[in-house]
Amino acid sequence: MLTINVAVLLAVIIMVRLRRRTEARSRNDEQVTVLIVLVFGVLVAPTAFGQGVADVAGQFATGLTEAGR
């Protein structure tokens, strides 16, 4: 039996949707894309990959604030 990770499936859907031309998107289409990205973030956040991304983003933000002083 083939199993599909929902987070991987959403990542593929996000990539396909974001490759489309910006002018061709309606407001409703953009809202659906944002919803899909939010669900993807919720699914990925508790994983080791999600924690790694959060750590890197935190270090980057810390570096920016210290560089601004």
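Begin by selecting aspartate 29, which touches Arg17 and Arg20 once residues up to four places away in sequence are set aside. The model open in your viewer is a predicted one, and the values quoted along this tour are computed from it. With aspartate 29 still selected, show the secondary structure, and you will find this residue in helix H2, which covers residues 27-44. Colouring by accessibility should then make its setting clear: aspartate 29 has a relative accessible area of 13%, and it counts as buried because that value is under 20%.

Next, move along to threonine 33, which also lies in helix H2. Display the residues around it, leaving out the neighbours within four places in sequence, and the contacts of threonine 33 are with Arg17 and Leu18. Arg17 is thus a residue to keep on display, since it is touched by aspartate 29 and is in contact with threonine 33. Is threonine 33 buried or exposed? Its relative accessible area is 10%, so threonine 33 is classed as buried, the limit being under 20%.

Now select leucine 35, again in helix H2, where the picture is of another kind: leucine 35 has a relative accessibility of 53% and counts as exposed, because the cut-off is over 50%.

From leucine 35, extend the selection to Val6, Val39 and Leu43, which together with Leu35 form a nonpolar patch on the surface, and turn on the surface display to see their combined accessible area of about 330 Å². Which element gives the most to this nonpolar patch? Helix H2 does, with 3 residues.

Conventions. Residues are numbered from 1 along each chain as its sequence is written. This is a predicted model: local features need pLDDT of at least 70, side-chain atom pairs count only at pLDDT 80 or more; totals for chains, interfaces and linings use all residues. Side-chain values use heavy atoms; hydrogens and water are left out. Helices (H or I, at least four residues) and strands (E, at least two) are DSSP runs, numbered from the N terminus. Buried means under 20% relative accessible area, exposed over 50%, partly exposed in between (1.4 Å probe, protein chains only). Contact means heavy atoms within 4.5 Å. Patches are made of residues with over 30% relative accessible area and no salt bridge: like charges are joined within 9 Å, nonpolar side chains (Val, Leu, Ile, Met, Phe, Trp, Tyr) within 5 Å. Accessible areas come from the Shrake-Rupley method with a 1.4 Å probe; for residues, only the protein chains shown count as cover. A salt bridge is a side-chain nitrogen of Lys or Arg within 4 Å of a carboxyl oxygen of Asp or Glu.
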